[in-house]
Amino acid sequence: MTASQTQIEMTEAVRLALLRADPELSRFDPLSRIISHDQFANGHCGWSQLVGNYENDLDTMLPGYAQHTGAMLSTLAHWDSGSHGAMGSSYALKIATRPKKGAQNVAIKRHTFRHRGRIRFELYFTFKPEASELKLSETDVRSIGFLFDLQAGDNDKAGERVMPHLRFLNALDGKHLQKWQFKRHTSPFQAVGNGEKTLSHYHLAPEGWEDLPSGEQRLCYNEIATKVNWTYLRFDFDLKEMKALEFQCNDRQFDMSGYESIRIPAMKNLWCMLNFCLFAETDADKRAFLYVDSVCISGDF
Amino acid sequence: MLPENITSVVSRNETWTGAAASEPHEAGWAREAIIFVRALKEPKGKQPVARVEISPDGMRWVAEGTQAAMPIEQDGIAVMRVHHFGNWLRVAADFADGCESTVLVTIHLKA
């Protein structure tokens, strides 16, 4: 073993020891650099409303975006049992849809990257419908999921805009499906307004989702609409090859060899973009809630 | 750490008619709120008085007591200040038949 290998191993051992002794980080497996670590007792941590593009008039915004509202800081307060709280504090991020079947809402965190290598997205989440009925309501949330919105650097050759999507399709039209899906095609771009500078596309349209191979998974929904359990999720993506590497949800790791991202030509103002989105979608005329206890985004650089 | 404060857009370019209300906003962490309702377009017909509503559960709503006349012209702004509201907030207004306003509702919360 060379001295440099020993040094690398010792450095990694110290890093892991520090991580595992830290109660706030120990639940994550971050790569060598932590880009952000969001705990929502500290505020919204940059998770803002995904607003649609427009020009001259807000009426030009595509309807998919017009329905979005801001994420909230929630104690998961329920009418029958009071505040549920999050894992590490009283507060979670809450992404709520409107009470109309098919309604969606998206929260976004906007960064750029400084190194094209492996990044890791980890979070603890749960989802529930609004407890407006004294029923289990386990098929009222259609889906929850996440996506990245990425673009190569301005000096990269043949740079693309790449948008990996993954959603947990919980139910569709009342049928309990419980499977992970991805998307490789987006909706066509449309010019918004009467100028030529602004385009928009609704990449979360219902069409085009494909099943992740062997992507069926039964999560812990619990026994009434107001009991929740937190679920771990990890997604690794290579910014150099613009390719998904690994995906884990709780005790399951999924084969990503059949996974594809949405790929579109690079756009003129999005260089080195590193955006993260979380979304919820309802399958009933009832609000769907995606709650997030904490998020850790890390990179190998 | 500085205390949290946030500006949240709760209704954007929504045309309010009939019994209208913003989506429920959970804000138990905040000690004070200011709510602005801006008319993005020329309002049509008689404009009602908007009211702040609070809720025990985010589903059942009662008037908190604070209210303000809806703006009567484009870019007019109604303002409501609230200091004691528990966990949920929304703004509601009842429009008579044929009356409407296209609104931008923003809630400004401070811990």
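## A guided tour of chains A and B

Ser214(A) lies in strand S15, residues 209-216 of chain A, and it makes a convenient place to begin in this predicted model. Select Ser214(A) and look at its backbone, where phi is positive, at about 55°, although the residue is not a glycine. Most residues other than glycine have a negative phi. Ser214(A) is exposed, because 12 other C-beta atoms lie within 10 Å and a residue counts as exposed at 12 or fewer.

Go next to Ala158(A), which also has a positive phi, of about 50°, without being a glycine. This residue sits in the loop between strand S9 (141-151) and strand S10 (160-163) of chain A. Ala158(A) counts as exposed, because it has 7 C-beta neighbours inside 10 Å.

For a view of the interior, select Leu169(A), in strand S11, residues 165-172 of chain A. Leu169(A) has 24 C-beta neighbours inside 10 Å and therefore counts as buried, the cut-off being 20 or more. If you show its contacts, leaving aside neighbours within four places in sequence, you will find Ser143(A), Leu177(A), Lys179(A), Gln181(A) and Trp209(A). Add Trp180(A) to the selection: it is 11 residues from Leu169(A) along the chain, and 6.0 Å separate the two C-alpha atoms.

From there, move to Leu93(A) and Leu290(A), which touch the most other members of the largest nonpolar core, a set of 90 residues. Strand S21 of chain A, residues 288-299, supplies the largest share of this core, with 8 residues. In soluble globular proteins, nonpolar side chains tend to be buried together. Around Leu93(A), not counting residues up to four places away in sequence, the contacts to display are Phe40(A), Trp47(A), Ala71(A), Leu73(A), Ala107(A), Tyr291(A) and Val292(A).

Now turn to the beginning of chain A and select helix H1, residues 3-21, whose 19 residues reach 27 Å from the first C-alpha to the last, close to the 27 Å expected at 1.5 Å a residue. How many of the 19 residues of H1(A) are buried? The count is 0, and the helix is hardly covered. Colouring chain A by its domain assignment gives domain 1 (1-26) and domain 2 (31-299), and the centres of these two domains, taken over C-alpha atoms, are separated by 32 Å.

Bring chain B into view and select the contact between the chains, to which chain A gives 19 residues and chain B gives 17 residues. On the side of chain A that touches chain B, the largest share, 3 residues, comes from strand S3 (residues 72-74) of chain A. That side of chain A has 7 nonpolar, 8 polar and 4 charged residues.

End with chain B on its own, which has 0 helices and 9 strands, so that a cartoon view can be followed along the sequence as β-β-β-β-β-β-β-β-β. Its C-alpha trace spans about 45 × 30 × 20 Å along the principal axes. The radius of gyration of chain B is 14 Å, which agrees with the value near 13 Å that a compact globule of 111 residues would have. Buried residues make up 38% of the 111 residues in chain B, and among contacts between residues at least 6 apart in sequence, 76% join residues at least 24 apart.

Terms used
Residues are numbered from 1 along each chain as its sequence is written. Chains are lettered from A and ligands numbered from 1 in the order in which they are written. This is a predicted model: local features need pLDDT of at least 70, side-chain atom pairs count only at pLDDT 80 or more; totals for chains, interfaces and linings use all residues. Two residues are in contact if their C-beta atoms, placed from the backbone, lie within 7 Å. Helices (H or I, at least four residues) and strands (E, at least two) are DSSP runs, numbered from the N terminus. Ala, Val, Leu, Ile, Met, Phe, Trp, Tyr, Cys and Pro count as nonpolar, Asp, Glu, Lys and Arg as charged, and the others, Gly among them, as polar. The radius of gyration is taken over C-alpha atoms; the globule rule is 2.2 Å times the number of residues to the power 0.38. A nonpolar core is a set of buried Ala, Val, Leu, Ile, Met, Phe, Trp, Tyr and Cys residues joined through C-beta atoms within 7 Å. The expected span of a helix is 1.5 Å times one less than its number of residues. Domain bounds come from an automatic or database domain assignment.
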